[in-house]
Amino acid sequence: MSDRIAHLHAREILDSRGNPTIEVDLTLSNGVLGRAAVPSGASTGAYEAIELRDGDGLRYGGKGVLGAVSAVTGEIATAIIGASVRDQRALDSTLIALDGTPAKGRLGANALLGVSLAAAHARAALHGHELWYELGGDAAVKLPVPLLNILNGGKHAEHSTDFQEFMVVPVGATTYRDALRAGAEVFAALRTCLQDRGLATGQGDEGGFAPSLPTNEAALDLLMVAIEAAGYRPGDEVAIAIDAAATELLQSDGRYHLEREGRTLERGALVDLWATWASKYPIISIEDGLAEDDWSGWEELTARIGGKVQIVGDDLLVTSVHRIERAIDAGAANALLVKPNQIGTLTETLDAISLAHGAGWASILSHRSGETEDTTIADLAVATNAGQIKTGAPSRSERVAKLNRLLRIEEQLGSRAIYAGRAAFSQVTHA
Ligand code: PGA
Ligand code: ZN
């Protein structure tokens, strides 16, 4: 009976922005502990599961999570103490039913996810397994390509670019370790390159630099210079990825506002911009190139350049099988951004990934802009053979913790480890 949940504890901890978030400790009857902390977004999609916050202006500006903590130690504990952690799906179904609302707003998706992930950690510990092995078994062998967000803008860095993330993607490496090194070297070269130009080297929420640039395209030019300065061939060895987070740029008239450039684009003009950039720069992936409800724009973009560029849905899909199914049917994307806290349980997260993979899509495990030292997404990336992970710049410990965790997993896999490399983009590169 050692697989039974004996105790649930939760606490309010801080995330990387200094905001409170929830951490859950789940203890089994034999004393084995599973712990998980939940991250938090800033450019949050409207269709995400609900993150329960107290709204008490006297604590943390209303951002406290004592309500979510009480949900774990009260109602959730009452429902699952004595339950086994062996069947994750059954446990997650109990949590979903207990909340009883479509967006998990009653108990909070943050409370539910903390418990769901803590249970998985406890099960792994009970079996004496690493989490990636507990969830993926012998089939889990792929180290993901890191999409490293080395230039931050949008909601993650005031006064920088309108588009949220400019990432480097070391597709040409043969091991994860070498890929990470390439990313870190390009990051270092970018710092020098900014210093040489008298640009600021302050960092945004995800650890990337946040210089004030005249245009959004200037960020791409800087990335190209940095990649070459670090001694890598752009495209071949290190490609570029963008997360526009375009929902944040949408005006009420359906057009997209680029504040930096003092111009506003119709949907078609924004699609044109992506197509132009994709032909001019070695761009391998574009995330949220259009807003979360602009389904026709997504279809247009995917039809236009989806044959050679990965079109990633984040706010569009919110890790929800319903929205992913719709996008698969409509041909509105060809890759899934996976954020466990957008949906609220591990089982639903894994179902979303399976659905995407079944449709021939790629998947990218993702952090949030507000992160903790929790490294669960690194294990999930390996467990599911996702092939890609997005966890910020190789800077700031809450980002680097995930990148370093992957170095350890690569070691654990030894000669069985496969670095996903360009093949992780096979839906567009046919590698
Ligand atoms: P968020 O940003 O965590 O602030 O939502 C990450 C992303 O948009 O991918
Ligand atoms: Zn995004």
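Here are some notes on this predicted model, going from the overall fold down to single residues.

1. **Overall shape.** Starting with the big picture, the protein chain has 14 helices and 15 strands. A compact globule of 431 residues would have a radius of gyration near 22 Å, and the 21 Å of this chain agrees with that. Along the principal axes, the C-alpha atoms fill a box of roughly 60 × 50 × 45 Å. Buried residues make up 58% of the 431. If you take the contacts with a separation of 6 or more, 71% of them come from residues 24 or more positions apart.

2. **The barrel.** Eight strands make a closed barrel, which runs β5-β6-β7-β10-β11-β12-β13-β14 with mixed pairing. From one strand to the next, the twist averages 25°. The mix is easy to see around β7 (residues 239-243): with β6 (residues 165-169) the pairing is antiparallel, over five bridges, while β7 and β10 run parallel and are joined by four bridges. Further round, β11 and β12 (residues 335-338) are also parallel, with two bridges between them.

3. **Pairs to click on in the barrel.** For the β6 to β7 register, look at valine 168, which stands opposite isoleucine 240 in β7. On the other side of that strand, aspartate 243 has glutamate 287 in β10 as its bridge partner. For β12, the residue to find is alanine 335, opposite valine 312.

4. **β7 up close.** This strand is mostly covered, with five of its five residues buried. Side chains in a regular strand alternate between the two faces of the sheet. Here, Ala239, Ala241 and Asp243 point one way, Ile240 and Ile242 point the other way, and all are buried. So an aspartate sits among the buried residues of β7, on the side shared with two alanines.

5. **Helices over the barrel strands.** Two of the helices are worth a look here. Helix α8 (residues 295-305) lies across β10 (283-287) and β11, at about 160° to β11. Helix α11 (residues 346-358) lies across β12 and β13 (362-366), and runs at about 165° to β12.

6. **The open sheet.** There is also an open sheet of three strands, in the order β1-β2-β3 and with antiparallel pairing. The edges are β1 (5-14) and β3 (33-37); each has a single partner strand, so one side of each is left without a neighbour in the sheet. Twist in this sheet averages 15° from one strand to the next. Nine bridges hold the antiparallel pair of β1 and β2 (residues 20-28), and one of the matched pairs is glutamate 12 with isoleucine 22 in β2.

7. **Two positive phi values.** I'd check both of these by eye. Lysine 104 is not a glycine, yet phi is positive, near 60°. Lysine 104 lies in the loop between α2 (88-99) and α3 (109-127), and is buried with a relative accessible area of 4%. Valine 318 is the other case, with a positive phi of about 40°. That valine lies in the loop between β11 (310-313) and α9 (321-330), and at 1% relative accessibility valine 318 counts as buried.

8. **A buried glutamate.** Which side chain of opposite charge is nearest to glutamate 410? It is arginine 177, 4.8 Å away, and the buried glutamate has no salt bridge. Glutamate 410 is found in helix α13 (residues 397-413). Beyond its neighbours within four places in sequence, glutamate 410 is in contact with Leu143, Thr175, Tyr176, Arg177 and Ala417. Arginine 177 is therefore in contact with the glutamate without making a salt bridge, as contact asks for heavy atoms within 4.5 Å and a salt bridge for a side-chain nitrogen within 4 Å of a carboxyl oxygen.

9. **Alanine 83.** Last one: alanine 83 is in the loop between α1 (66-80) and α2. With 24% relative accessibility, alanine 83 counts as partly exposed. Apart from residues up to four places away in sequence, alanine 83 touches Asp3, Arg4, Ile5 and Leu91. For a sense of distance, alanine 83 and arginine 323 are 240 residues apart in sequence and 31 Å apart in space, C-alpha to C-alpha.

Definitions and conventions:
Residues numbered from 1 in each chain as written. Chains lettered and ligands numbered in written order. Predicted model: local features only at pLDDT ≥ 70, side-chain atom pairs only at ≥ 80, totals over all residues. Heavy atoms only, no water. Buried < 20%, exposed > 50% of the residue type's maximum accessible area, 1.4 Å probe, protein only. Lys, Arg positive; Asp, Glu negative; His and termini not counted. Pairing = 2+ DSSP bridges. Axes fitted to C-alpha atoms, helices over the stretch in contact; angles between N-to-C directions. Rg over C-alpha atoms; globule rule 2.2 N^0.38 Å.
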